[in-house]
Amino acid sequence: MRIDIISVVPKLMESFFAHSILKRGQEAGHVEVILHDLRDYSLSKQRQVDDYAFGGGAGMVMSVEPIARCIRHLQSERHYDEIIYMTPDGETFNQQTANQLSLQGNLLFLCGHYKGVDQRVRDMFITKEISIGDYVLSGGELAAAVCADAIIRLIPGVLNDETSALTDSFQDNLLAPPVYTRPAEFEGIGVPPVLLSGHEAKINEWRFEQSIERTKARRPDLYQKSGL
Ligand code: ADE
């Protein structure tokens, strides 16, 4: 998979993609993440990419020209399965969207700033609009990083244990069960004995029950959706 991200502050995301699982996923050739500085596509001397809103009002609007130039340049090199604009008024991101996007070949993310982008960008180029929650960030960069992280870890081979992404919270609309590691006893508190039993079927049954109890208690809305 290839993920391109257009931003006015690409440096903000550099270190995020240069560490841990995301770094390993790139080094192993499972995914390539390329950051693009929108200002490189401005024709103005000051590398300006925004302007005052027609009709007045506070806040600047990201101009259509540099964004169009950047997207068209990238499109001339490859086809994008989705061109995604990160915006608080998009559809709320969830595990199902992450699963779907992880199956694509080339994704392009556009990070908004200020008052957002000129509506013509959205009408002409954007195929999907995503929000990561009902709050407003100062830019779309963190939101794009959140989506890219959730997508990349689902690509086969990126996680060491191939099955572990499938047992995450939210797959099957259930939250993940509690987990424990050594020591088996800490300050008098032990771990559930079944986990030490070595009996795989019983362990799986216990984990499933715990998932159900957790989901019922913490996320009754998800429990409803699970159909259990
Ligand atoms: N840009 C600003 N706020 C955002 C949010 N909640 N989700 C996605 N992009 C954003």
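**Salt bridges, a ligand shell and some backbone details**

In this predicted model, the side chains of Asp 89 and Arg 122 meet in a salt bridge, with 2.8 Å from N to O. A salt bridge here is a side-chain nitrogen of Lys or Arg within 4 Å of a carboxyl oxygen of Asp or Glu. The pair links distant parts of the chain, since Asp 89 belongs to strand 5 and Arg 122 to helix 5 (residues 119-124), 33 residues apart. Helices (H or I, at least four residues) and strands (E, at least two) are DSSP runs, numbered from the N terminus. Asp 89 counts as exposed because its relative accessibility is 53%, whereas Arg 122, at 15%, counts as buried. These words have fixed limits: buried means under 20% relative accessible area, exposed means over 50%, and partly exposed lies in between (1.4 Å probe, protein chains only).

Because the model is predicted, local features need pLDDT of at least 70 and side-chain atom pairs count only at pLDDT 80 or more, while totals for chains, interfaces and linings use all residues. Residues are numbered from 1 along each chain as its sequence is written, and side-chain values use heavy atoms, with hydrogens and water left out.

As a wider frame, the protein chain has 8 helices and 9 strands. Its C-alpha atoms fill a box of roughly 70 × 40 × 35 Å, taken along the principal axes. Of the 228 residues in the protein chain, 43% are buried.

Side chains of opposite charge can pair when their charged atoms come close. The structure holds 12 salt bridges, and the pair of Asp 89 and Arg 122 is one of two described here that link distant parts of the chain. In the other, the side chains of Glu 91 and Lys 128 meet at 3.5 Å, N to O. Here Glu 91 lies in strand 5 and Lys 128 in strand 7, 37 residues apart. Glu 91 counts as partly exposed because its relative accessibility is 39%; Lys 128 is buried, with a relative accessible area of 14%.

A further salt bridge joins the side chains of Asp 40 and Arg 47 (3.2 Å, N to O). Both partners are partly exposed, Asp 40 with a relative accessible area of 49% and Arg 47 at 34%. Together with Asp 37, these residues are linked in a network of salt bridges. Arg 47 is placed in the loop between strand 2 (32-37) and strand 3 (50-52). The backbone of Arg 47 also deserves a look: it has a positive phi of about 55 degrees although it is not a glycine.

Ser 20 is another residue that is not a glycine and has a positive phi, again of about 55 degrees. Ser 20 is found in helix 2 (residues 20-27). Elsewhere, a cis peptide bond joins Arg 182 and Pro 183, with omega of about 5 degrees. Pro 183 sits in the loop between helix 6 and strand 8 (185-186).

Attention now turns to the ligand. It is surrounded by 13 residues, and the closest are Thr 87, Ile 132, Gly 133, Tyr 135 and Leu 137; a residue counts as near if one of its heavy atoms lies within 4 Å. A nitrogen atom of the ligand lies 2.8 Å from a polar backbone atom of Tyr 135. For Leu 137, a polar backbone atom is 3.0 Å from a nitrogen atom of the ligand. Taken alone the ligand exposes 260 Å², and the protein buries 96% of that. Accessible areas come from the Shrake-Rupley method with a 1.4 Å probe; for residues, only the protein chains shown count as cover.

The elements that give two or more residues to the shell around the ligand are strand 5 (82-92) and strand 7 (128-131). Strand 5 gives the most, with 3 residues. Strand 5 also holds Asp 89 and Glu 91, from the salt bridges described above.

Tyr 135 and Leu 137 appear once more on the surface, where they and Leu 142 make a nonpolar patch of about 300 Å². Patches are made of residues with over 30% relative accessible area and no salt bridge: like charges are joined within 9 Å, and nonpolar side chains (Val, Leu, Ile, Met, Phe, Trp, Tyr) within 5 Å. Leu 142 is placed in helix 6 (residues 141-152), and it is exposed, with a relative accessible area of 56%.

Notes. A polar contact is a pair of N or O atoms within 3.5 Å; within protein, one must be able to donate a hydrogen and the other to accept it, and residues adjacent in sequence count only if both atoms are side-chain atoms.
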